[in-house]
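Reader: I'd like to know what stands behind the labels people put on a model like this. Can we take them one at a time?

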Amino acid sequence: MSAVSIEEQFERLRSTPPDALRALVLDDRMHDLVRACAVSLLPPEALDGVIHDIMTTGRSYSLVDEAALQRPTALTPHLAYLWAMRVDNDLDIEPRWWRGADATEIDRLAAALRTPGRGYAHELAGRCLAESRQPAAWAALADSAEPEVDAWLAAAGARRDGDGVRSLVPPACYHLLFEAPAQARPRAPWLTRWHPTWAAGADPGLPTVTHGGLSDAICRLCAAPMRRLLLLDPVPAGLGVTSRARVDIAYCRACTGSERSAYRHDDAGRPTLVSNPTDAVAFQSKEERPAVTVRLAALGPRWAVQDWGLANDTQNLNRLGGEPTWIERPDYAPCPTCGRLTTALAQLDWGCLEDTGGLTYVGWCDPCATSTLTHQHPYR
Ligand SMILES: [Zn+2]
Ligand SMILES: [Zn+2]
């Protein structure tokens, strides 16, 4: 199989009937990228069988991450086994595998966290509890005096707030379906045709979004028109935005660069820069981006968490809502008005839209109607 090009392997993937995809996923003569794409094409319930095959044969462990991210419950029956097999032998695990942890597993982890002592298993219990996102698990962490609790929760998009734990990730996630001309760097045709995050159909029940062009807001520092990243008019449901019906996410290229910046939105959703001006090192390379209308796809929970490393330049990371695809450490920006951490409103992938690379993360503080822009770059 090694003499067969990746294009030919994708052709084989294309001609594989759905009921034979599972065998292709587990065929370790196939390129990892082709197999990962095959995982993404399987119906979600078929991922239970893939995980079962991997667990019982001990082969293709590299696909556990991919399958478990898309279908956390596929790993639920295997978590106790994975812990005993790997953690007890000081082997690496991925805390995100515990996103599908059930009550029994959460009880076990909470007991491990309460057991005095330090070390790998103790820390992993805390990280896995955070990743499970279950109320009982977060309650156990909120009560814990462990110094690392805030970092564990941040990795799962959560924050201690009062007596409890608050999620910084809104319930909805919508993928932005950019038309080809808006993308400076064309994707390999098999990806735009095959990967569900690219090939999804737009949801006709959702509003469209405007990207690019100029905002109707003027920069308060230099009086230039601001540049529009996303106009949400109206804001789709489930994104944690209730204080404004319309939100214009825009910035001034002359006054704000790739440092963090913040904007207060008036009643009509128009932004005003409220952070200090920063050195204007652009995160966007093009001087002008024409306004384009972008349709939305609601792909459900399967694609609401996308990992930077696993996506590996093959997935559409342009989204509203969902959990941010952090390139570096999780970095939910604080609201400059109230100091609470903002929730995840959107992310844009400049490696797809332009040739600069990196992601821009849009945060939102609903009571203050304030947006933040944060940027991470893979080559920094
Ligand atoms: Zn300006
Ligand atoms: Zn605020």
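What follows is a short talk about the labels used for this predicted model.

Reader: What makes L13 count as buried?

Author: The cut-off is 20 or more other C-beta atoms within 10 Å. L13 has 20 of them within 10 Å, so L13 is buried. You'll find L13 in helix 1, which spans residues 6-14.

Reader: Which residues does L13 touch?

Author: If you skip neighbours within four places in sequence, L13 is in contact with L24, V34, C37 and A38. For a contact, the C-beta atoms must lie within 7 Å. As for R99, its C-alpha atom is separated from that of L13 by 29 Å, with the two positions 86 residues apart along the chain.

Reader: How do you know that the buried residues of helix 1 sit on the same side?

Author: The buried residues there are Q9, F10 and L13. They cover an arc of only 100° around the axis, and that puts them on the same side of helix 1. The face turned away from that buried side carries E7, E8 and R14, which are exposed.

Reader: Why is the chain said to agree with a compact globule?

Author: For 380 residues, a compact globule would have a radius of gyration near 21 Å; the chain comes out at 22 Å, so the two agree. Along the principal axes, the C-alpha atoms fill a box of roughly 65 × 55 × 40 Å. Of the 380 residues, 42% count as buried. And among contacts between residues at least 6 apart in sequence, 58% join residues at least 24 apart.

Reader: How is the chain divided into domains?

Author: There are domain 1 (6-167) and domain 2 (173-376). Their centres, taken over C-alpha atoms, are separated by 28 Å. The contact takes 14 residues from domain 1 and 13 residues from domain 2. On the domain 1 side, helix 3 (32-41), helix 5 (62-70) and helix 10 (149-155) each supply at least two of the residues that touch domain 2.

Reader: Why is the largest nonpolar core said to lie between the domains?

Author: That core has 99 residues, and those with the most contacts inside it are V39, V50, I51, A67, L129 and L141. Domain 1 and domain 2 both give residues to this core, so it lies between them. Take V50 as an example: not counting residues up to four places away in sequence, V50 touches R22, V25, V39, L42, L63 and A67.

Reader: Over to the strands. What makes strand 5 and strand 6 a pair?

Author: Pairing needs at least two bridges. Strand 5 (residues 214-218) and strand 6 have 2 bridges, so they count as paired, in the antiparallel sense. L214 has R227 in strand 6 as its bridge partner. The two strands form a hairpin with 6 residues between them, and A223 in the turn has a positive phi of about 65°.

Reader: How many bridges join strand 6 to strand 7?

Author: 5 bridges join them, and the strands run antiparallel. That meets the need for at least two bridges, so strand 6 and strand 7 pair as well. L231 stands opposite D248 in strand 7.

Reader: And why is strand 6 called mostly covered?

Author: Strand 6 spans residues 225-232, and 7 of its 8 residues are buried. For the wider picture, the chain has 14 helices and 14 strands.

Notes. Residues are numbered from 1 along each chain as its sequence is written. Chains are lettered from A and ligands numbered from 1 in the order in which they are written. This is a predicted model: local features need pLDDT of at least 70, side-chain atom pairs count only at pLDDT 80 or more; totals for chains, interfaces and linings use all residues. A residue is buried if 20 or more other C-beta atoms lie within 10 Å of its own, exposed if 12 or fewer, and partly exposed in between; C-beta atoms are placed from the backbone. Helices (H or I, at least four residues) and strands (E, at least two) are DSSP runs, numbered from the N terminus. The radius of gyration is taken over C-alpha atoms; the globule rule is 2.2 Å times the number of residues to the power 0.38. Two residues are in contact if their C-beta atoms, placed from the backbone, lie within 7 Å. The arc is that of the directions from the helix axis to the C-beta atoms. A nonpolar core is a set of buried Ala, Val, Leu, Ile, Met, Phe, Trp, Tyr and Cys residues joined through C-beta atoms within 7 Å. Domain bounds come from an automatic or database domain assignment.
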